[in-house]
Amino acid sequence: MADYATLKQQIATSPAFIVDEAELIATLQAFDDLREHSGCRLLYSLKALPLMPVLSLIKPYVDGFSVSSLFEARLAHEVLMGQGGIHLTSPGIKPDEMPELVDLCSHISCNSFGQYRQLDACVQPAVSLGLRINPQLSYSQDARYDPCRPHSKLGIGINALMKEDFPENIKGLHFHTTFAKTSCQPLVETVALLRCALSTHWAQLDWINLGGGYLFQHMEDRHLFLDVVGSLIKSGLTVFIEPGNAVVGHTGYLLATVIDCFDSDGKTVAVLDTSVNHQPRVFEYQLQPELAEHDNEGRFPAILAGCTCLAGDIFGEYRFIRPIAVGDKVLFKQAGAYSMVKANRFNGYNLPDIYVINGDRVSSVKQYGYFGYRQQWSPEEY
Ligand SMILES: *Cc1c(COP(=O)(O)O)cnc(C)c1O
């Protein structure tokens, strides 16, 4: 694990996203071990962080990438150069994109029967078609993040599926129903349900994709995962998992600097040169991100606030061992997944630069400036 003080000194600009290459490689090696022991195949869900240098680092450790759009499929193709599968599932495939998608992808899991019929009409023998299933077993309290919510748009409901003819050229099943789980129990229950409901079609299947949504490095019941995957392999299937967050989440940091500090109704507010627009999940989920400098025993609390005009642009209240002051640098952890990819320039604040570090080696990957902002908002002829 990185030494935070050294890490902060290594980075010349602020705000900045930092990817710790050594941590990423250690995670991928742990996945190697899981792959070896369980027999599952590993895909990286590219949407969590599509940074090309990161994709190149991940490539040797995975059996391919999983993607959710045409652009992701193109990027995956550029990086993989045929050395790995490209698995697609999305509710948003446009008809005019299908010919290119069936060229780029090795596996496509259709989100609906309508989508299946359209894809089937242009599909080539090299592509393996599957169905994205909604097992209708919910594991999220918050309906906004529950693919199994009533009237879901994600996948074919298991009850509806049992009433339809199961197409003969369907070779795979896909489901993805959880987020950031550390127990395999949902997986065990879901697979049991699918095996029971679809037993008459099992023999025609080549593969099953168990989705992402699990934090494999923190799994409390790894033996259950090994059991489930083992029994699926025994029944003749190739088993895929497609984590995103578990691969890159903890390898990324957001570095920020305190630019103002004052008392507001008896509490210290420290304004940062970043905002929740650089980590939109903080605001969407109303979650407080982990901060490297936070100390439970610290006697100096402060509210870390973003610099935009939004009153609720707040990271949270943290405790420090010294009073926080203008010029101090702070480091948010767990910023690898769904941060860089969702960051935006709201209020005209620059995007954080991006660095990849490994020990003493620091590579600057992206430097943003006014030009990028202007380009986004100026007509082509300007
Ligand atoms: C987002 C997504 C993943 C990756 O989820 P993580 O929680 O990042 O592991 C995998 N599969 C599908 C279909 C997804 O939508």
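This note sets out, in numbered points, selected features of a predicted model.

1. **The surroundings of K59.** K59 sits in the loop that runs between α3 (52-58) and β3 (64-67). Although K59 is buried, it has no salt bridge. The nearest side chain of opposite charge belongs to E78, and it is 11 Å away. Since a salt bridge requires a nitrogen and a carboxyl oxygen within 4 Å, what does the side chain of K59 reach? One partner is the backbone oxygen of V79, at 3.0 Å. Another is Q83, whose side chain is joined to that of K59 by a polar contact of 2.7 Å. Neighbours within four places in sequence aside, the contacts of K59 are F65, V79, L80, M81 and Q83.

2. **Salt bridges that link distant parts of the chain.** Side chains of opposite charge can pair when their charged atoms come close. The count of salt bridges in this model comes to 10. One of them joins the side chains of E293 and K8, with 2.5 Å from N to O. The two partners are 285 residues apart: E293 belongs to the loop between α11 and β13 (300-305), and K8 to helix α1. K8 counts as buried because its relative accessibility is 16%, and the limit for that class is under 20%.

3. **The pair D63 and R35, and its network.** A salt bridge also forms between D63 and R35, whose closest N and O atoms are 2.8 Å apart. Here D63 is in the loop between α3 and β3, while R35 is in helix α2 (residues 21-38), 28 residues apart. D63 is partly exposed, at 26% relative accessibility. R35, with a relative accessible area of 17%, is buried.

4. **The pair K333 and E290.** K333 and E290 form a salt bridge in which the closest N and O atoms are 3.4 Å apart. This pair too links distant parts of the chain, 43 residues apart, with K333 in the loop between β15 and β16 and E290 in the loop between α11 and β13. E290 counts as partly exposed, at 42% relative accessibility. Returning to the pair of the preceding point, D32, R35 and D63 are joined into one network by salt bridges that share partners.

5. **The largest pocket.** Rolling a probe the size of a water molecule over the atoms shows where empty space is left. The largest pocket holds about 1,000 Å³ of space. Its lining is made up of 42 residues, and those closest to its centre are K47, P147, L154, H176 and Y338. Which elements each supply at least two residues of this lining? They are β3, β4 (85-89), α10 (245-248) and α11 (280-285). Of these, α11 gives the most, with 3 residues.

6. **Enclosed cavities.** A search of the whole structure finds 2 cavities of 30 Å³ or more. The volume of the largest cavity is about 40 Å³. Among the residues that line this cavity are Y139, F175, H176, T177 and T178, and H176 is also one of the residues closest to the centre of the largest pocket.

7. **Backbone geometry to check.** Most residues other than glycine have a negative phi, and most peptide bonds are trans. The peptide bond from S14 to P15 is cis, with omega near 0°, and P15 lies in the loop between α1 (4-10) and β1 (16-20). Q136 has a positive phi, near 60°, and is located in the loop between β6 (128-134) and β7 (156-157). Y338 likewise has a phi near 60°, a positive value, and is placed in the loop between β15 (329-332) and β16 (353-358). Are these two residues buried or exposed, or in between? Q136 is partly exposed, at 39% relative accessibility, whereas Y338 is buried, with a relative accessible area of 13%.

8. **Two buried loop residues.** Q279 is in the loop between β12 (267-272) and α11, and its relative accessibility of 5% makes it buried. Beyond its neighbours within four places in sequence, Q279 is in contact with residues including L254, P289, F315, F332 and K333. V127 is in the loop between α6 (113-122) and β6 and is likewise buried, at 8% relative accessibility. With the same neighbours in sequence left out, V127 is in contact with V102, C105, S106 and I108. The C-alpha atoms of V127 and P352 are separated by 39 Å, and the two residues are 225 residues apart along the chain.

Conventions: Residues are numbered from 1 along each chain as its sequence is written. This is a predicted model: local features need pLDDT of at least 70, side-chain atom pairs count only at pLDDT 80 or more; totals for chains, interfaces and linings use all residues. Side-chain values use heavy atoms; hydrogens and water are left out. Helices (H or I, at least four residues) and strands (E, at least two) are DSSP runs, numbered from the N terminus. Buried means under 20% relative accessible area, exposed over 50%, partly exposed in between (1.4 Å probe, protein chains only). Lys and Arg count as positive and Asp and Glu as negative; His and the chain ends are not counted. A polar contact is a pair of N or O atoms within 3.5 Å; within protein, one must be able to donate a hydrogen and the other to accept it, and residues adjacent in sequence count only if both atoms are side-chain atoms. Contact means heavy atoms within 4.5 Å. On a 1 Å grid over the protein atoms alone, a cavity is a set of points where a 1.4 Å probe fits but cannot get out, and a pocket is an open set with protein on both sides within 12 Å along at least five of seven lines; lining residues have an atom within 4 Å of a point. Grid points are joined across faces, edges and corners, and a volume is the space filled by probe spheres set on the points.
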